[in-house]
Structures are given as C-alpha cells and as structure tokens.
Amino acid sequence: MNSLRMALDSITEKKGRSFLTMLGIIIGVTAVLVLVAMVTGYNSDMTAYYEKLGVNKVTVKMTWYDTSRAQDMMAQLYDYGNVELSDLVEGVSPDLSTRLPLQYGNVTVDSSTIYLGSDQFSICSNYTLDKGRDILPLDIENRSMVCVLGSYLADTLFPYSDPIGKTVTIGGNPFTVVGTYYQKDGGTDGSMDDGAVIPYSLNRKVLISDWIDSIILKVKTSKDMDTVMDRVELWLAEAVDSAVGECEVENGNSAMTESNDEMTSLSVVLGGIASIALLVGGIGIMNIMLVTVTERTREIGIKKSIGAPRREIIGQFLLEAGILSSLGGLVGIGLGFALSAVLGKVMYDIIVFPSTLISVGAFAFSLVIGVVFGIYPAVKASNLQPVDALRAD
Amino acid sequence: MSLIEIKDVYKIYNEGRESQVNALDGVSLTIDQGEFVAIIGTSGSGKSTMMNILGCLDIPTRGTYLLDGEPVAEKTSRELELLRSRRISFIFQGYNLIPSLKVWENVALPMTYQHIPYSERKRRAMEALEAVDILAKAEAKPGQLSGGQQQRVAIARAMATRSPVLMADEPTGALDSRTGAQVLALMRQLNAQGTTVILITHDNGIAAQADRTVRVMDGHIVHDSLWDGVLVPEEASLGVRAS
C-alpha cells in the first residue's frame, strides 16, 4: 500500500516530467489506434463500394471469332443459370454498357451510362425498382424500345412530372420510360444512379454490333461462388467449340478480397511502424526511471538500511514504471478514439472507432513495455550497496 | 559468546594502486549484549567505516565478523536484509527520513518489512513517537520538522522495531547542544532497557557519556577504555603511548 502511494506521489510530484515521460507512450498508442482505425475505415468504405457494385458475381468473359454467337451464348447461359443453377444463381445479365447522351424535352444529360441488360440486370447490379416496372423477358425477345432510369436521371429529366410512359431520346433513338430505380450511389451525376438500362438485345441497334464480351451470374451466397464457377466452367467446356471462341470464368469477389487482404497487410505494416513509437516511448520510460533511481539513491539507501528487501525496491520502481506506461496507454487510447472519430468523419464520412481488440492490445503492450523497460532501472536500484546508497546526496 | 566480534578486519579502497587507502587496518573488537560503546575518532579515522561494517551496511575486504556468533560473510543477501530489519537499527547524522512519508509512516516503515500488521505498526509507531515526545507531529511530513525533532523521529523509528542493537553515527552532529543532550538522554534510556548502543562520534564530550570508549585513528584501535589499566593488548598499548 505504501509502495503504491509512494509511486503515485513520485509521479504527481513531478507532473511535467511524468507527462513528458508518458508522451512517448501516448503518441505510440494513439498512432497505432488511429492508423489501424483509418485502414479499417478505408476498408469499410471500399467494401461499401463493392457492395454497391454488387457482390457475389461470377463473370464469364468471352472472345468470339464470330460475334453473332454472343447473343446465342447469352441466351443459353441465361437458361442454364435460371434452370440448372436456379438453387445457386439469382440472376444472369450481360455486363455491357456504353455512354450515350440522354434527352428529354430541352434537357440533355451527357454523363450517363447506358447499360444493356437482361430482365435480371437489376438483381445482378444491385438496383431496386422504385416506380413502374423493370425490363421484362418479353422486352428482350421483342427488342422493345424501353428503358428504366436511375434516380439521378429520373430526378434531372423529370423534376416535376412522373417519368413513367414518357419518351426519352437515347443516342438519337426514342425510348419509353417504363420504370425508375431507387437511389443507390449518392444520386449525383457520374454515379451509378446516373444510368439507364435497356434490353441487351438492342445492342445491334444501339451499339451497331452483336458484341457482348462478358456475362454476369449473380450467385445467392458467397460460399457457393466456387461451386457455380466450377459448374459454369464444365458447362462452357461442352457448350463452346474452341474453334469459334474462348470463355474464361472469373470470381467477381476477388477484387474485393484482394483489396481486403491488401488493407489487412497495410494495417499490420502501419501498426508495426506505430509500435516502434511505443518502443521508443518505453526507452523514454527506462531513461527517466534511471534518472529517478539516481535521484532517489539516498532513499533507497535509507530503505535498505532499515531492512527493505530487494524485491521491495524492485517492486517500487516497477510499479512506478508500470503506472507511468499504463497511464500513458489510457490517455493514448482516449486520444486515439477521439482522433479516429474526427479523421473518420472527415475522410470517409463515417465515425470509425478503433476495435476493442486493438485498444486492449495497445494498452497491454504499453504496460508490458513500461514493466520491461522498468526492470533494468529497478534491478540497478536494488543492487546498490546500502553504504554507497547512503553516501549519495 | 559476544554479541559482536570482529577479528583482524581490513577495509581497503583502491587496493594495489597508488591511491590505496586502508580505512580499517586490521581491527579487532568485541562488544557484548547491553553495552553502551562510543567509537571515537577524527574524520577519516575509519570510525564510520567501522560502523558500516558492524551494521552490515558494508562488507570488509578481509577479516571475520561474527554477529551472535555467526559469520556475517557467509550470510546471503536475504539473510542480511533480515538482519538489518530485525537485529540492528540505525540513527544517522542526516536523520535519513523519507520525505514523502508522514512522520508516523516513517517510524512504521521498518515494521512493514517485518510483516507486522497495519494496526500494530501504527500503534507501535505512535507509542515510540510518544516516548520521544513528538506525537503531536505524527501526521506531519519530515520536512516540516526541525533537526532535533527529525532526529527524535529517527530514534523513534529505531525504537519501534525493537531491534536489540542500535547504531548511531554522529546522531548529535547537526544539533545544538541542548537538543543533542535530549537525544543522548533518549539513547541512555534505551540502553537502560537492554538495547546495545554503539555511538560513533568525534566529540570527546559526547563519547564521555558512554560506558566504554573505543578510540580509532588511521584505521587502528588505539585505545579501549575497557582494557584501560586492566589488560592492554599490544596494539592498543602502542596507541595509548602514542597519544
């Protein structure tokens, strides 16, 4: 009990010095927490982005020597996905788009992306129908001149009226608006809401080509991705004659997985660099504890002369080092949380907090560092000969 | 069996170099239980070195030291800690109180190392403070006390441990003669209760208060009043004639 109070007394007696001693640990812990939290923030930002694009997509990339095969292939794969793989796959649509100006009345939008999709385009690309109807299988079959507008286009072209049934001009061709999608990407120009989907069978008319270079199969759950890829590959091996074309199957999640992996290693590297600051903080503690031992040599001598055991002297200095470093750790955690919240809001517009694991880990690490770097000064103090210690001023 | 017995003890600094100093140069001394001994000498005579060795604060370069008949050199550092904790207490010229602790906590501190429970420690500390007539300052910090008061606290600290040997290094050195006399009276009182007191001083007047005086010069014992006119060892007799 005496030791604890003596340690606290000695820390509070020299507040300025104690604070400077803790500063290294404070900066170290704050740095670890903020850096890791920022990477986490960036990561969830990226994940959100990938989720908007739509996750769990198997992409079939096709190279045709005769482009007219593309339409047939699309139809066959659509059937395969919706019949044979209906338990695993929720939608099949071409991954095909172009940029064309959209016009209604005297308003023209140049920034829009025109998607050429199947009736399952919205499922594949994560759009949700707001008003009217979506593209129907019949629209594909009949090459109907219909379109569904993203929320930005609907709001921009029809600020005061209902777009359903109106005719817009896309790349010079008239299209009837049959539906609109809910906003899903901020609703600004150039975003995914600045787009419209038309039946893919119109590619010959709109793109002046039969070209479809990839087809997306939207898989229900991520654990089925591999099964779907295997089965599609087998199916393709039979369906495609290598003399007329080649097909390749890709995992659409791999970009996200890769980015996640990169972020994990980035946070390990950044956390590691920040831990060096912690280590340097520990050396600072060792330094100041050595000074304290020198300053209190006489006190150590007194204690030894009245029979203080070695472990008592060691304990006193270890306790002081431990208190300094864990106090620094706590302040660092507080600062880390505050700074993460502010930076997260500024950089990603979300409040990110460091994870509990990282916080507890950083605290434990700072405590361990304090104790480890306190050992040398403490042992040095306990090894003083009483007579030498008493002689000190 | 004597309480303290040192035989042919040397304490040599910088041995073998030009700057070699023999602080103790082959000293033998025996002290029995209950004695009040003054070790007297000028500064540099080796008297403080002698106390440090007798108090197990320092180790001799050569020679044997038997405390309670047991060789101190063979004791482990843990056993020495226990010795300092239970057998010997000290009073220093500089009081040596811990400034961050209250007066009574200073008195109670050695008892902490003897694992005496808190209430008992406090009771004995207060008792000792009362005995040296400074109970009123029990809750003060040492820095708020005068030199004489601090030395009385140091005596209380030595008393409270109830160790059988008290060693005092110039206990009155920093005090005026009146407070010095009070401190000496307290030590006499302790001796009367059975404590062996070893007093280190340069002052003949203070040494005269002891039952036995041992004069040290240049690392030798040159006179021991115990043997005066009774049995004079060779070295001591040489010293007496020299002085």
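This is a guided tour of a predicted model, moving from the contact between two chains to a sheet, its helices and the cores.

**Where the chains meet**

Display chains A and B together and select the residues at their boundary. Here 15 residues of chain A are in contact with 16 residues of chain B. On the side of chain A that touches chain B, two or more residues come from each of helix H1 (2–13), helix H10 (297–305), helix H11 (310–348) and helix H13 (386–391) of chain A. Colouring that side by residue type gives seven nonpolar, four polar and four charged residues.

Helix H11(A) merits a selection of its own. Its end C-alpha atoms are 54 Å apart, which agrees with the 57 Å that its 39 residues should span at 1.5 Å a residue. The residue that follows H11(A) is Asp349(A), and its phi is positive, near 60°.

**The four-stranded sheet of chain A**

Next, select strands E2, E12, E1 and E13 of chain A. In that order they make up an open sheet with antiparallel pairing. Its edges are strand E2 (89–94) and strand E13 (245–251) of chain A, each of which pairs on one side only. On average, and with direction ignored, neighbouring strands in this sheet are turned by 20° against each other.

Cross the sheet one pair at a time, beginning at E2(A):

- E2(A) and E12(A) are antiparallel and share five bridges; Pro94(A) stands opposite Ile215(A) of E12(A).
- E12(A) is joined to E1(A) by five bridges, again antiparallel; Lys61(A) stands opposite Ser214(A) of E12(A).
- Strand E1 (residues 57–64) of chain A pairs with E13(A) in the antiparallel sense over seven bridges; Thr63(A) has Glu246(A) in E13(A) as its bridge partner.

Now isolate E12(A). Is this strand enclosed or open to its surroundings? Five of its six residues are buried, so E12(A) is largely enclosed by the rest of the structure.

**Helices across the sheet**

Keep the sheet in view and add helix H3 (residues 69–83) of chain A. This helix lies across E1, E2, strand E12 (214–219) and E13 of chain A, and it runs at about 170° to E2(A). Then add helix H8 (residues 225–239) of chain A. Helix H8(A) also lies across E1, E2, E12 and E13 of chain A, running at about 175° to E13(A).

**A lysine in helix H12 of chain A**

Select Lys380(A), which is part of helix H12 (residues 356–382) of chain A. Why does Lys380(A) count as partly exposed? The reason is that it has 17 C-beta neighbours inside 10 Å, while a residue needs 20 or more to be buried and 12 or fewer to be exposed. Add Val293(A) to the selection: the C-alpha atoms of Lys380(A) and Val293(A) are 8.0 Å apart, although 87 residues separate the two in sequence.

**Chain B and its helix H5**

Turn to chain B and show it as a cartoon. Its secondary structure comprises eight helices and ten strands. Of its 243 residues, 47% count as buried. Among contacts in chain B with a separation of 6 or more, 65% are between residues 24 or more positions apart.

Within chain B, select helix H5 (residues 147–160). This helix of 14 residues reaches 20 Å from its first C-alpha to its last, close to the 20 Å expected at 1.5 Å a residue. Helix H5(B) is mostly covered, with twelve of its 14 residues buried. The buried residues include Gln149(B), Arg152(B), Val153(B), Ala156(B) and Arg157(B). To see what covers them, add elements of chain B including strand E6 (88–91), helix H3 (103–113), helix H4 (118–131), strand E7 (165–169) and helix H6 (177–192). Just after H5(B), stop at Arg162(B), whose phi is positive, near 55°.

**The nonpolar cores**

Finally, bring both chains back and select Val32(A), Ile39(B), Val107(B) and Ala156(B). These residues have the most contacts inside the largest nonpolar core, which has 112 residues. Helix H2 (residues 15–53) of chain A gives the largest share of this core, 13 residues. Apart from this core lies another, of 52 residues, including Leu77(A), Leu102(A), Cys124(A) and Leu202(A).

End the tour at Val107(B). Not counting residues up to four places away in sequence, Val107(B) touches Ala125(B), Ala128(B), Leu129(B), Val153(B), Ala156(B), Arg157(B) and Ala160(B).

Key: Residues are numbered from 1 along each chain as its sequence is written. Chains are lettered from A and ligands numbered from 1 in the order in which they are written. This is a predicted model: local features need pLDDT of at least 70, side-chain atom pairs count only at pLDDT 80 or more; totals for chains, interfaces and linings use all residues. Two residues are in contact if their C-beta atoms, placed from the backbone, lie within 7 Å. Ala, Val, Leu, Ile, Met, Phe, Trp, Tyr, Cys and Pro count as nonpolar, Asp, Glu, Lys and Arg as charged, and the others, Gly among them, as polar. A nonpolar core is a set of buried Ala, Val, Leu, Ile, Met, Phe, Trp, Tyr and Cys residues joined through C-beta atoms within 7 Å. Two strands pair if DSSP finds at least two bridges between them. Axes are lines fitted to C-alpha atoms, for helices over the stretch in contact, and angles run from 0 to 180 degrees between N-to-C directions. The expected span of a helix is 1.5 Å times one less than its number of residues.
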